[in-house]
Amino acid sequence: MSSYSATADHANGDPKNYLNWETGIRSWLFTVDHKRIGLMYLFTIMTFFIVGGLAALTIRLELSSAGADFLTPDQYNVLFTLHGAIMIFLFIVPGIPATMGNFLLPLMIGAKDVAFPRLNLLSYYVYVVGAIMALISLFSPIDTGWTFYAPYSLDSGSAVIWMTGAAFILGFSSILTGLNFIVTIHKLRCPGMHWSRLPVFVWATYATAVIQTLATPVVGMTLVLLIAERVFGVGIFDPAMGGDPVLYQHFFWFYSHPVVYIMVLPAFGVIGEIIPVFSRKPLFGYKMVCYASLAIAVVGFLVWAHHMFVSGISDMSAIYFSIITFGVAIPTAIKVFNWVSTMYKGSISLETPMLYAMAFIFLFMIAGTTGIYLATLAVDVFYHDTYFVVAHFHYTIQGGAVIGLIAALHFWFPKMTGKMYNENMARFGWLFIFVGFNLTFLPQFVLGMEGMPRRYFDYLPQFEPMHQLSTIGAFLNGLGYLFVFVNLLWAAFLGKVKAPSNPYNSVSLEWQTQSPPIHENFEEIPVVDEEPYAYGVPVEGGAH
Amino acid sequence: MFRYLPEQGSEIAPRLDWIHNWITDLSVFFTIAICGAMIYFAIRYRKQGGVDHETPRIEGSNFLEIVWTVVPTIICIWVAYYGIVIYNEMVDVKEDPEKEFVLINAQGYRWAWDFQYQNGKTTTNEIVVPVGRPTKIILTSRDVIHSFFIPVMRVKKDAVPGAYSHVVFTPVRTGEYPAFCTEYCGTNHSSMLANVRVVSEAEFQRWKNDRSDELSKLAMSPVDLGRSLYVDKGCNACHSLDGSAVVGPTFLNLFGSERKFTDGTTTVADENYIRESILYPASKISAGYQNLMPAFEGQISDNEIQGLIEFIRTIDGSQPVPEPVAAEEEDVDLSSLTPVERGERLYREKICFTCHSLDGSALVGPSFKDLYGRKGKFTDGQEYVADDDYIRGSILEPGSEIVEGYVNAMPPYQGQLSDEQIDDLIAFIQSVSNGD
């Protein structure tokens, strides 16, 4: 345990905290407090999560029976493009880093704020500008899919420029956040917070920030090239002018594969924080878990062409990319083994954050093992662009990143709001999400096995039963999120149950200050003198 | 566990399915083992009575870390190795003198596939290949990227504009299988389907060398082309040449006449109007008629449209209407065929198919699929059972009883079909009602 402990809990009356020390709309819009910026991000991206989710439900409704139901093919194509583009660029890429990362990073390393607070606010407004551009594209809908593949995107509607322009701008927001976090972690750790004492969430955020800073510029360049191609006809991707459409795919996936780890690595960090607290055990193999994050970040840069095994790349490069892709499986497996081992001989309480963590492990086992099929060269030839890929992707991103975010929201809710949510309602929401999610996407694996291609407005009658199951699941899943949002918003704004500063008796730094934290986080700069996750009674040979 | 892959239609399929099923078994095993351990721990070490019990501060185990790094690594290397070996078998099919490649050039375009065989035979959305001989399809695209995927053959490759790629496979059984476009290409991406028909070598040769159809059309004048399309595409089922109103307006004196539409507007039937009516029939509906005609967008070439326009232009009553000639009949001894086969020929010759589908979809009339023996209601509320007598009556005098949900659109065949022919048709309808 650190030598710092909260004193403000026992102060008289309502203690000042980051939520009430300043009031008024200007105090939010111009805040440079990382906690307030984190909350602003949270509300903004959650709004887009709802929009993207409604698009998904509309898609599932149309697909619930073969043939045209209530959409035209063009409307369907616009909807799946919006679902993908909104969920990726406006929701899950900012996702955990911009919300929970912003809120927690300085608290976890004992700092008053991030290294560049004004830059942090700029990131948020750059994001808002990008989001507005994306919304403008809705007026002349875009139908390219979120991947904007050339040459289709070169002669599709003009909204392509708005949406790719939006993704370009949003990229800067991501880069600035990444830079800010890297400098913060290097320079602002409190006394005694060695690298080997950083919480795994900080390690995961660090690995994420490296990818954000190094990979995002590439997609920025790619999208600018695409816009230049459309506006000036430079002929780099357009085969009619001697360009190479496959080159676009290389550029695009060079970013868009690593970006998957931007989405999911922070969720790994969240799970690594939750399991020790609710097991009363140190995180098993802490160092391996941290190295695994870095290994995933590095190897993740070298596997992009596994999205292109049937695109006409040479057999030699296909073989290379298949082998390297298996390299991502190993560190991911190591993490799962360590999480589960942490529970061994623990004192386990199954509160909502722990339920989400366990659901995460189950869902991520499916996400990971189905990734093995897709890494296997011959098998991927069959599965490429089928529903198997759709299901695999949603298991990693919804089952991984989104469940991670929802787990984090429940886990740190008392710290962020100073309130407690209704535990039964939260478990109810968890149940619906877990059952609904699996019912949505397990049938889609079967569809993929049967050969059903993705991005299909209509399908052969043989695929109908699985589509029906999937649609039912999607609505249960959506209902689950509704329960979660209602429960958390109710508790935050109308709830009467005050949270203590450390409701879970955690040893991490962020729980040692009051709930909600004061404006500058700690009354005095804390000093760390112990390993992270120092739970339980020391045993012989328990060290590394 | 979890064996859902489609039928194994090619030589490579069992190989691919073998490694695929190994991955499934390993995945299921590890998922159950790890999640089983997790659930076991959660129950076995559950906090009792709301009070934490003492826990040991176990920080890790180098031995275990090595085990769970090395074991997955070995498994991954094994799987990756066979993934590559089988991929090489898949792409590296050798041609030997006994088994020459069937070479097909394929061009994808929004939203269909054109195929051309080495002897010049061309098809759209259909390939016929022989069983037991490797087929190599060389792919390219005329517009955006498409992808050619035959699930039963386990092959897939993108068709990229400005570049060539190929798939190669050796079919092992006869049958008809779908081929999908798997690279998103816009509005009708999901209906960009091709039909792969695997037949015996002899039948393949006969099919490939029978080019009468294309050649005769190439040599035809536009009017003759239009006249043959009028029959082939089934226009004659709904549009008469003698002025009688059937399901749709007659073609007699259509060209140049003023058309009235259901919304009250009018237009003169010129080339543009006819073209629009063929491609997008729903855009203008002639007064007194219903919106029943299927759209021919993407199913008919510019050349063919011109042929039809020229043909319709000639139907002005100034000369006797030439009897439309059906495609040249091959000499077949009808008595050597089964009643069902003869019925199927009639189904095509008499163009029943334009209004009665075989796949259950409702067109102008009820589908033949599962028709035989079906119970239903007529528009006057009376019930019927689709037995021999009912079908016979429906063919000879269709106007006497109309099935609920449909209109009286079918011409009577009284005096045009022999009793044997009607029996054949009944046998055929019965055959598409049994089994699947």
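Which residue of β9(B) is the bridge partner of Ile138(B)? It is His166(B). The model is predicted. This report starts from that pair, works through the sheet around it, then turns to the chain, the interface and some backbone details.

**The sheet of chain B**

Five strands make up an open sheet in chain B, ordered β4-β3-β2-β6-β9, with mixed pairing. Its edges are β4 (122-124) and β9 (165-169), each of which pairs on one side only. Ignoring direction, neighbouring strands are turned by 25 degrees against each other on average. Strands of a sheet pair through backbone hydrogen bonds, either parallel or antiparallel.

The pairings inside this sheet are listed here.

| Strands | Sense | Bridges | A bridge pair |
|---|---|---|---|
| β6(B) and β9(B) | antiparallel | 5 bridges | Ile138(B) and His166(B) |
| β2(B) and β6(B) | parallel | 7 bridges | Asn105(B) and Ile138(B) |
| β2(B) and β3(B) | antiparallel | 6 bridges | Ile104(B) and Tyr117(B) |
| β3(B) and β4(B) | antiparallel | 3 bridges | Phe115(B) and Thr123(B) |

Ile138(B) belongs to a strand, β6(B), that spans residues 135-141. It stands opposite Asn105(B) of β2(B). Its bridge partner in β9(B) is His166(B).

Strand β2(B) covers residues 102-109, and its side chains alternate. Val102(B), Ile104(B), Ala106(B) and Gly108(B) point to one face and are buried. Leu103(B), Asn105(B), Gln107(B) and Tyr109(B) point to the other face and are not buried. Two residues of β2(B) have named partners in β3(B): Ile104(B) bridges to Tyr117(B), and Gln107(B) bridges to Asp114(B).

Two hairpins occur here. β2(B) and β3(B) form one with 2 residues between them. In that loop lies Trp111(B). The peptide bond from Arg110(B) to Trp111(B) is cis, with omega near 0 degrees. The hairpin of β3(B) and β4(B) has 4 residues between its strands. There, Gly120(B) takes a positive phi near 100 degrees.

**Chain B as a whole**

Chain B has 10 helices and 15 strands. Its C-alpha atoms fill a box of roughly 100 × 65 × 50 Å along the principal axes. The radius of gyration is 30 Å, whereas a compact globule of 436 residues would have one near 22 Å. Of the 436 residues, 30% count as buried. Among contacts with a separation of 6 or more, 61% involve residues 24 or more positions apart.

**Where chain B touches chain A**

71 residues of chain B are in contact with 77 residues of chain A. On the chain B side, the elements giving two or more residues are α1 (13-44), β1 (56-57), α2, β7 (146-150), β8 (155-159) and β10 (175-181). The largest share is 16 residues, from α2(B). This side divides into 39 nonpolar, 20 polar and 12 charged residues.

A strand pairing also crosses between the chains. β1 of chain A (residues 537-538) joins β1(B) through 2 bridges, and the strands run parallel. Pro538(A) has Arg57(B) as its bridge partner.

**Helix α11 of chain A**

What packs against the buried residues of α11(A)? They meet α8 (200-232), α10 (258-279) and α12 (315-342) of chain A, together with α2 (62-91) of chain B. The helix runs over residues 286-299. Its 14 residues reach 20 Å from first C-alpha to last, close to the 20 Å expected at 1.5 Å a residue. The buried residues are Tyr286(A), Met288(A), Val289(A), Cys290(A), Ala292(A), Ser293(A), Ile296(A) and Ala297(A). An α-helix has 3.6 residues a turn, so residues three or four places apart point the same way.

**Backbone details in chain A**

Most residues other than glycine have a negative phi, and most peptide bonds are trans. Chain A has some departures.

Lys345(A) has a positive phi of about 60 degrees, although it is not a glycine. It is found in the loop between α12 and α13 (352-375). Why does Lys345(A) count as buried? Because it has 20 C-beta neighbours inside 10 Å.

Asp385(A), also not a glycine, has a positive phi of about 60 degrees. Its loop runs between α14 (377-383) and α15 (387-417). Asp385(A) counts as buried because it has 22 C-beta neighbours inside 10 Å.

The peptide bond from Ser515(A) to Pro516(A) is cis, with omega near -10 degrees. Pro516(A) lies in the loop between α17 (464-493) and β1 of chain A.

Key. Residues are numbered from 1 along each chain as its sequence is written. Chains are lettered from A and ligands numbered from 1 in the order in which they are written. This is a predicted model: local features need pLDDT of at least 70, side-chain atom pairs count only at pLDDT 80 or more; totals for chains, interfaces and linings use all residues. The expected span of a helix is 1.5 Å times one less than its number of residues. A residue is buried if 20 or more other C-beta atoms lie within 10 Å of its own, exposed if 12 or fewer, and partly exposed in between; C-beta atoms are placed from the backbone. Two residues are in contact if their C-beta atoms, placed from the backbone, lie within 7 Å. Two strands pair if DSSP finds at least two bridges between them. Axes are lines fitted to C-alpha atoms, for helices over the stretch in contact, and angles run from 0 to 180 degrees between N-to-C directions. Ala, Val, Leu, Ile, Met, Phe, Trp, Tyr, Cys and Pro count as nonpolar, Asp, Glu, Lys and Arg as charged, and the others, Gly among them, as polar. The radius of gyration is taken over C-alpha atoms; the globule rule is 2.2 Å times the number of residues to the power 0.38.
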